[in-house]
Amino acid sequence: MEGEMQRRSVERDSEIISPKVSSGKESHLAVDIGGSLIKLVYSSSSNNSGVDDKDKMSLKESLGVTDGSSNYPVLCGRLHFAKFETSKINDCLEFISSKQLHHCGSWHHEAPNHDNIIIKATGGGAYKFADLFKEKLGVSLDKVDEMDCLVAGANFLLKVVHPEAFTYIDGREEYVQIDHNDLYPYLLVNIGSGVSMIKVDGDGKFERVSGTSVGGGTFWGLGRLLTNCKSFDELLELSYKGNNRVIDMLVGDIFGGMDYSKIGLSSTAIASSFGKAISENKKLEDYRPEDISRSLLRMISNNIGQISYLNALRFGLKRIFFGGFFIRGHALTMDTIAVAVHFWSKGEAKAMFLRHDGFLGTLGAFLNYESHGLDMTGH
């Protein structure tokens, strides 16, 4: 049972039937260039997805979108999602060029001139790689604030896409019906290379209240140093096969296999991540990479879950949404975060996850196109 739970990831494919699908070819592209990953969102009409079999490995998913909401008057058809490692940005540029997505921006003037094409972009890499996009694709990046985009993307998903939010308990996801009249306030925890915790009070109304440098980049960086894994996904795959109890010091290890019931700690609770490595006469090569990966994932996920709840408690928030590509539907990650929130809140708060967790910022940038007539940027 536990093995099945660990192996399981939330299915990402989704479709929402649009009551009125545009028959035109107009489309848009937005990018979110983070420290570890580049995320793309681009649109097409439903009968013009532009996806062939060769591209299916790069594309994470596609999403049909309704235009029934007055807040999103012309957002219809299908959205496509893709991701690339930032260190392999040339692969991303080649993908954009091969599909001619760099012609999916907007123009400064009425006459389409490639010299004037701009693409909405967010994330720190929008500044770092602006010259590279201009050199390779001949486009300019219109930089949109990262926090504005995260909140806009999350609000869009929670209001328009169904089902989107879910809880994850005992290896099962349960989708949550969101009441739009009771959505705010909530805490948005975006786990990318680092972690941002944002109190959201409405469209364009938010405050970054906390964060931590211990996030997805920490997991990937330490994981590469300790296991020689070449990719984030490889590191996650290792964690499925690992046993963190080989490395972590548990409460039972300290109390002779007993619970510390007076303060509510079970014998299986982690007392010290990587704690057993202190007392054992072993070198790094004596530990299995699988066990190291699992211990590292547990440590970081537990830490994020605890800090998130403490910030929710600070502002009296009972609803916490977790996003960012650190999660990517990984069962062990979601289970650890959910258990941490449940434990520290004594069951009063729940961790909720998003099906499109890694694309919040990209969606927010996408929604920023003036041609969509949207006012979701927080300005």
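No disulfides were counted in this predicted model. For a pair to count, two cysteine sulfur atoms must lie within 2.5 Å. Two cysteines illustrate the burial found in the model. C92 has 0% relative accessibility and therefore counts as buried. C229 has a relative accessible area of 2%, so C229 is buried as well.

The protein has 379 residues, and 54% of them count as buried. Its secondary structure comprises 12 helices and 16 strands. Many contacts link distant parts of the sequence. Of those between residues at least 6 apart, 67% join residues at least 24 apart.

The largest nonpolar core contains 35 residues. V189, I191, F219, F322 and F353 have the most contacts inside this core. A second core lies apart from it and holds 33 residues. L37, F156, F321 and L363 are among the members of that second core. The surroundings of V189 were examined further. Leaving aside residues up to four places away in sequence, V189 touches V195, S196 and M197. V189 also touches I304 and S308, and the run I320, F321, F322 and G323.

An open sheet is built from seven strands. Their order is β9-β8-β16-β15-β10-β11-β12, with mixed pairing. The edges are formed by β9 (172–175) and β12 (205–212), each of which pairs on one side only. From one strand to the next, the twist averages 30°. In general, strands of a sheet pair through backbone hydrogen bonds, in either the parallel or the antiparallel sense. At one edge of the sheet, β9 pairs with β8 (residues 165–169). This pairing is antiparallel and spans four bridges. Within it, F166 has Y175 of β9 as its bridge partner.

Helix α11 (residues 331–345) lies across four strands. These are β8, β10 (186–191), β15 (319–323) and β16 (350–354). The helix runs at about 150° to β16. An angle over 145 degrees counts as roughly antiparallel, so α11 is roughly antiparallel to β16.

Strand β1 (residues 29–33) has five of its five residues buried, so this strand is largely enclosed by the rest of the structure. Both of its faces are covered. L29, V31 and I33 are buried on one side, and A30 and D32 are buried on the other. β1 pairs with two strands, β2 and β6. With β2 (residues 37–44), the pairing is antiparallel over five bridges. A30 is bridged to V41 of β2. Three residues separate β1 from β2, and the two strands form a hairpin. With β6 (residues 117–122), the pairing is parallel over three bridges. Here D32 stands opposite T122.

A helix pair was also characterized. Helices α6 (residues 216–227) and α7 (residues 232–241) pack at about 75°, with their axes 10 Å apart. This angle makes α6 roughly perpendicular to α7. On the α6 side, the contact is made by G216, F219, W220, G223 and T227. On the α7 side, the contributing residues are F232, L235, L236 and L238. F219 thus takes part in this helix contact and is also listed among the residues with the most contacts inside the largest nonpolar core.

Conventions. Residues numbered from 1 in each chain as written. Predicted model: local features only at pLDDT ≥ 70, side-chain atom pairs only at ≥ 80, totals over all residues. Heavy atoms only, no water. Buried < 20%, exposed > 50% of the residue type's maximum accessible area, 1.4 Å probe, protein only. Core = buried A, V, L, I, M, F, W, Y, C linked by side-chain atoms within 4.5 Å. Contact = heavy atoms within 4.5 Å. Pairing = 2+ DSSP bridges. Axes fitted to C-alpha atoms, helices over the stretch in contact; angles between N-to-C directions. Parallel < 35°, antiparallel > 145°, perpendicular 65-115°, else oblique.
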